[in-house]
Amino acid sequence: MSRAPIRLGVLVSGRGSNLQAIIDASEARRIDAAVAIVMSDVPDAYALERARRHGIETAFVDPKGFDTREGFDAAVIDLLRKREIDLVCLAGFMRILSPHFVSEFRNRIMNIHPALLPAFPGLHVQRKALRHGAKLSGCTVHFVDEGTDTGPIIIQAVVPILDDDTEESLSARILAYEHQIYPRAIQLFAEGRLEVRGRRVLCHGVDASHLDAQRAWGAINP
Ligand code: GRF
């Protein structure tokens with residue numbers, strides 16, 4: 001690895017499988033990035049345990065300790081600034097960031113969402129995709145803007161929906177692709193390839209914006 005790894009601050013609320021994918025990619029030097037801190041708004045989030053096992057600094061910031069969302073966000077911004085974080089990665093973080101937070105890290109906050117945005121934003125999205133009768137779903141890594149799941153799209157993976165899928169089986173299939181595209185998006189950022197132009201994210205030098213349905217199908221039916 002020639003360049004210094006960029007410093008990631010990962011924000012979590014739960015089990016942290018995407019965090020684990022990022023840590024694994026970092027330790028295997030598949031990405032030029034290192035997780036400098038993992039912050040949770042939930043004290044017993046399993047993601048914190050994962051970070052500790054890898055010797056990564058963790059922090060719990062208690063939302064109950066603040067009267068406003070802005071107060072909570074200011075504490076988190078302070079934590080990230082002090083550690084000179086280059087890129088903030090939301091990985092199952094269940095809070096909406098304030099406009100102040102977004103502007104402090106403009107185009108330097110990524111999120112992963114388990115659907116093909118702009119379809120099915122918000123929560124319980126696999127259930128929504130199944131109920132709608134969609135034939136394809138997937139996952140999206142996007143930059144975070146002031147809306148919910150509305151920011152410029154970096155990478156998407158397309159995943160087929162099968163007739164006998166349940167919310168659980170579809171979630172698991174999508175999750176496997178989340179673990180591929182999140183580290184990939186981070187690496188594109190680390191290489192300085194991403195340029196946000198309006199709603200579009202241009203990726204300079206490589207065609208890395210999607211994993212297509214045929215590959216996804218091949219992976220589940222080899
Ligand atoms: C993932 O499905 C992610 O797309 C969504 O929240 C879930 C987090 O899972 N934003 P994990 O904590 O990374 O296992």
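**Close-up views of the ligand site and two backbone features**

The ligand occupies the largest pocket. All views are taken from a predicted model.

**View 1. Residues surrounding the ligand.** The shell around the ligand is formed by Arg15, Gly16, Ser17, Asn18, Gly92, Ile112, His113, Pro114 and Glu178. Sorted by class, this shell contains five polar, two nonpolar and two charged residues.

**View 2. Polar contacts of the ligand.** An oxygen atom of the ligand lies 2.6 Å from an N or O atom in the side chain of Ser17. At Gly16, a backbone N or O atom is found 2.8 Å from an oxygen atom of the ligand. A polar backbone atom of Ile112 is 2.9 Å from a nitrogen atom of the ligand. The ligand taken alone exposes 370 Å², of which the protein buries 85%.

**View 3. Secondary-structure elements and domains at the ligand.** At least two residues of the shell around the ligand come from helix α1 (17–27), and at least two from strand β5 (109–113). Both domains also take part in the shell: domain 1 (1–105) and domain 2 (111–222) each provide at least three residues.

**View 4. The cis peptide bond before Pro118.** Leu117 and Pro118 are joined by a cis peptide bond, with omega at about 10 degrees. Pro118 belongs to the loop that connects β5 with α5 (125–132). Strand β5 also appears in View 3, where at least two of the shell residues around the ligand are assigned to β5.

**View 5. Backbone conformation at Arg29.** Arg29, a residue other than glycine, has a positive phi value, near 60 degrees. Arg29 is located in the loop between α1 and β2 (33–40). Helix α1, at one end of this loop, supplies at least two residues to the shell around the ligand.

How values were computed:
Residues numbered from 1 in each chain as written. Predicted model: local features only at pLDDT ≥ 70, side-chain atom pairs only at ≥ 80, totals over all residues. Heavy atoms only, no water. Near = heavy atom within 4 Å. Polar contact = N/O pair within 3.5 Å; in protein donor to acceptor, adjacent residues only side chain to side chain. Areas by Shrake-Rupley, 256 points an atom, 1.4 Å probe, with all protein chains shown as cover. 1 Å grid on protein atoms, 1.4 Å probe; cavity = no way out; pocket = protein on both sides within 12 Å on 5 of 7 lines; lining within 4 Å. Sits in = over half its atoms within 2 Å of the grid points. Helix = DSSP H or I, 4+ residues; strand = E, 2+ residues; numbered from the N terminus. Nonpolar A, V, L, I, M, F, W, Y, C, P; charged D, E, K, R; others polar. Domains from an automatic or database assignment.
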